[in-house]
Every structure is written in C-alpha cells, then in structure tokens.
Amino acid sequence: MQTKPFRIGTRGSPLALAQAFETRDRLVAAHGLVPEMFEIVPIMTKGDRIADRALSEVGGKGLFTEELETKLLSGELDFAVHSSKDMATKLPDGLHLSAFLPREDVRDAFIGRAAPKLTELPHGATVGSASLRRQALIRRVRPDLNLILFRGAVATRLRKLDEGMAHATLLAFAGLKRLNMDDIPTQLLETKDFLPAPAQGAIGIESRIGDSRIDDLLAAVNHRPTYDAVSCERAFLSVLDGSCRTPIAGYAHCDGDDLHFSGLILTPDGQTEHSVEISGKRLQALELGIKAGEHVRAAAGPGFFESWT
C-alpha cells in the first residue's frame with residue numbers, strides 16, 4: 001500500500017510541467033487515486049541552462065535528461081516525464097521508457113510574421129529554429145532563406161519572434177496544443193511534405209528496469225499504438241546516429257495490427273536526401289525501424305555522413 005506520494009520528475013518549463021500534470025491526471029483517473037498521491041518535482045537540466053548554443057555543440061539530447069536520470073537511478077524519483085523527441089536513443093543502464101501517453105498531433109507548426117506560409121516568405125527572410133531537421137527541410141524548399149538559432153521555451157521563442165529577431169519560426173504543434181496555444185500557428189505543415197522528428201508529439205515516461213510496482217502503475221496509462229510507433233521511430237534513429245548532428249525525420253503510425261513508417265535523412269543544406277517507406281506488423285516495430293535505418297544508411301553510403309558530421 002503506497003502511503004507517500006509518487007515523485008514525478010520533470011523539467012521546469014511550462015510545457016514540461018503541462019506534460020507532467022497530464023501524466024498525473026491520467027494516473028489519477030486510471031487508478032482512482034487523489035492528486036495528492038503524486039508530487040511533481042521540477043528539475044533544472046543542463047540543456048535548460050545552456051540556451052545560447054546548438055545542442056550538437058554542447059552534448060546532444062542527453063542534456064535535457066541527465067539530472068532527471070541521475071535522480072531516477074538514486075531512487076529520489078519514482079519516474080520521469082519527457083518529451084520523447086528529446087530523449088537520447090541509448091538510455092543509462094537500468095532505465096527504460098516504460099510507457100507513452102496517447103500521441104498528440106505530430107505536425108510542425110509554422111508561425112509567420114512576414115507571411116502566413118513558409119513558401120510565401122519574402123526572398124532572404126530570416127527563420128529561427130534550433131532543429132537541424134527543420135532547417136534542412138526548410139532549405140530543401142527555400143534555399144534562399146536565412147536560418148538562425150532559436151532555442152529556449154515556447155514563450156521565449158515567440159518573444160524573440162515578436163521582437164523582430166526573425167520573420168518566422170517553427171514549433172511542434174503538439175506542444176502548442178498542450179499549452180492551449182493552438183491558435184498561434186499560421187500554417188500546419190503536413191507530414192507528406194514536412195516529415196516530423198522521430199517521437200514528436202509523444203510524452204514518454206522513464207522508469208527503473210525491474211521496478212514492478214512502478215511498471216504496474218504506469219501500465220494503466222500506456223497507449224500501445226503510440227508505444228509501438230515511437231519504438232519503431234527510435235529504432236530508426238538509433239541506426240542513423242541519433243544525436244543532434246544529423247537531420248533525421250521519421251514517422252510511424254498504426255493501422256489495426258499493421259504499422260507504416262516513413263523515414264528521411266538529409267544533408268544540412270537540404271539538397272541531398274535519402275528516404276524509405278516500410279510496412280509490417282506492429283509486433284515487428286523494432287525490427288521495422290532497424291531495417292528502415294539500415295536501408296537508408298546503405299543508400300547514403302559512409303561518405304554521406306563523413307562529409308559533414
């Protein structure tokens with residue numbers, strides 16, 4: 001019988017906290033518990049503290065999770081809630097992504113001040129983005145645009161836009177919806193033209209391997225189609241580097257017992273790409289992701305990576 005609150009680790013940004021509260025509320029509803037049985041513990045990560053450089057320059061995605069994972073392993077936290085696309089493909093020994101909440105809209109949202117659509121921006125306009133994937137996809141269709149680094153929480157990026165630092169920016173529509181800001185985008189970029197980041201829109205829950213008490217707690221809110229789709233996407237990512245140095249896109253969706261995956265790797269200038277589409281059974285999610293990654297890696301050849309990493 002649990003007598004003290006479960007401790008939920010999270011980053012302290014408004015979006016991260018919204019995701020932690022959503023997780024808490026789903027667990028409360030699933031188990032008939034009171035909200036006071038969960039304590040949300042905000043933790044400042046190195047990725048939050050370093051906001052003036054690209055992640056590829058300072059250590060990659062693990063910068064957003066290291067402090068949380070240290071406290072998970074020590075037992076100070078019972079589990080941690082993450083934006084799944086911010087998770088490294090290799091987790092510390094003893095930890096796993098044990099559950100995913102139902103996935104939100106995976107599309108990228110374009111927020112334009114000089115024009116409502118990406119294709120309508122003036123020649124040479126400035127777009128702010130911290131994502132190499134978004135930068136490469138933008139350059140693929142608009143090589144004339146000027147791309148600059150935009151990092152920080154959603155409100156910070158929107159403030160930079162309003163201050164005139166750029167004519168437009170891109171954000172995950174899922175995050176805007178979770179912050180009740182879904183009226184902000186001027187255009188939603190469809191996945192067939194602008195493939196999302198692997199695991200975009202999915203809230204992942206990380207916990208200790210072998211902690212059956214927590215596994216049983218989280219199993220009640222695990223959304224299996226999201227779990228399978230994100231597992232496929234992360235497997236694809238792991239084959240192709242998985243760091244923040246590579247523009248990689250990937251999206252899997254479930255249709256009954258079947259799973260369909262589309263993946264893409266680009267050079268940073270967006271002018272060279274290799275893509276893959278693969279389908280199979282959801283039970284083969286990991287194998288499908290690995291197979292797709294190996295296909296793209298073989299098609300690109302080692303020179304593709306060596307020339308710009």
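Start at the hairpin that β11 and β12 form: select the two residues between the strands, and in that turn you'll find Gly-256 with a positive phi of about 65°. Keep in mind along the way that this is a predicted model.

**Stop 1: the three-stranded sheet**

Now widen the selection to β11 (248-255), β12 (258-266) and β13 (273-281). Together they make an open sheet, in the order β11-β12-β13, with antiparallel pairing. The edges are β11 and β13, each of which pairs on one side only. Look along the sheet and check the twist: on average, neighbouring strands are turned by 10° against each other, direction ignored.

Turn on the backbone for the next bit. Strands of a sheet pair through backbone hydrogen bonds, either parallel or antiparallel. How many bridges link β11 and β12? There are eight, in the antiparallel sense. To pick out one pair, select Gly-250 and its bridge partner in β12, Gly-263.

Move over to β12 and β13, an antiparallel pair with nine bridges. Two pairs to label here are Leu-259 with its bridge partner in β13, Gly-280, and Ser-262, which stands opposite Glu-277 in β13. Follow the chain round the hairpin of β12 and β13: six residues sit between the strands, and Gly-270 takes a positive phi near 75°.

**Stop 2: helices across the sheet**

Keep the sheet on screen and add α5 (132-141) and α9 (224-239). Both helices lie across β11, β12 and β13: α5 runs at about 75° to β12, while α9 runs at about 150° to β11.

Step off α9 into the loop that leads to β11, and select Arg-245. Is Arg-245 buried, partly exposed or exposed? Its relative accessibility is 42%, so Arg-245 counts as partly exposed. If you want a distance label, draw one from Arg-245 to Ser-279: they are 34 residues apart in sequence and 27 Å apart in space, C-alpha to C-alpha.

**Stop 3: the largest nonpolar core**

Next, go inside. In soluble globular proteins, nonpolar side chains tend to be buried together. The largest nonpolar core here has 19 residues, and the ones that touch the most other members are Leu-121, Val-127, Ile-138 and Leu-145. α5, β8 and β12 each supply at least two residues of this core, and α5 gives the most, with three. Why does the core lie between domain 2 (108-189) and domain 3 (223-300)? Both domains give residues to it, so it lies between them.

Zoom in on Leu-121 and show what surrounds it. Leaving aside neighbours within four places in sequence, Leu-121 is in contact with Phe-110, Ala-114, Ala-115, Val-127, Arg-142, Leu-145, His-167 and Ala-168.

**Stop 4: helix α6**

Select residues 154-162, helix α6, and colour its buried residues: Val-154, Arg-157, Leu-158, Lys-160 and Leu-161. They cover an arc of only 155° around the axis, which puts them on the same side of α6. An α-helix has 3.6 residues a turn, so residues three or four places apart point the same way. Spin to the other side of α6, where Ala-155 and Asp-162 are exposed.

What do the buried residues of α6 pack against? Bring up β5 (108-112), α5 (132-141), β8 (168-172) and α7 (173-178): those are the elements they pack against. Then walk past the end of α6 to Gly-164, which has a positive phi near 85°.

**Stop 5: domains and strand β10**

Zoom out and colour by domain: domain 1 (1-103 + 202-222), domain 2 (108-189) and domain 3 (223-300). Between the centres of domain 1 and domain 2, taken over C-alpha atoms, there are 27 Å.

For the last selection, pick strand β10, residues 203-208. Six of its six residues are buried, so β10 is largely enclosed by the rest of the structure. Add β3 (residues 79-83), which pairs with β10 in the antiparallel sense over four bridges; His-82 stands opposite Gly-204 in β10. Then add β4 (residues 95-100), joined to β10 by five bridges and also running antiparallel. The pair to label there is His-96 and its bridge partner in β10, Ser-207.

Methods: Residues numbered from 1 in each chain as written. Predicted model: local features only at pLDDT ≥ 70, side-chain atom pairs only at ≥ 80, totals over all residues. Heavy atoms only, no water. Buried < 20%, exposed > 50% of the residue type's maximum accessible area, 1.4 Å probe, protein only. Arc of directions from axis to C-beta. Contact = heavy atoms within 4.5 Å. Core = buried A, V, L, I, M, F, W, Y, C linked by side-chain atoms within 4.5 Å. Domains from an automatic or database assignment. Pairing = 2+ DSSP bridges. Axes fitted to C-alpha atoms, helices over the stretch in contact; angles between N-to-C directions.
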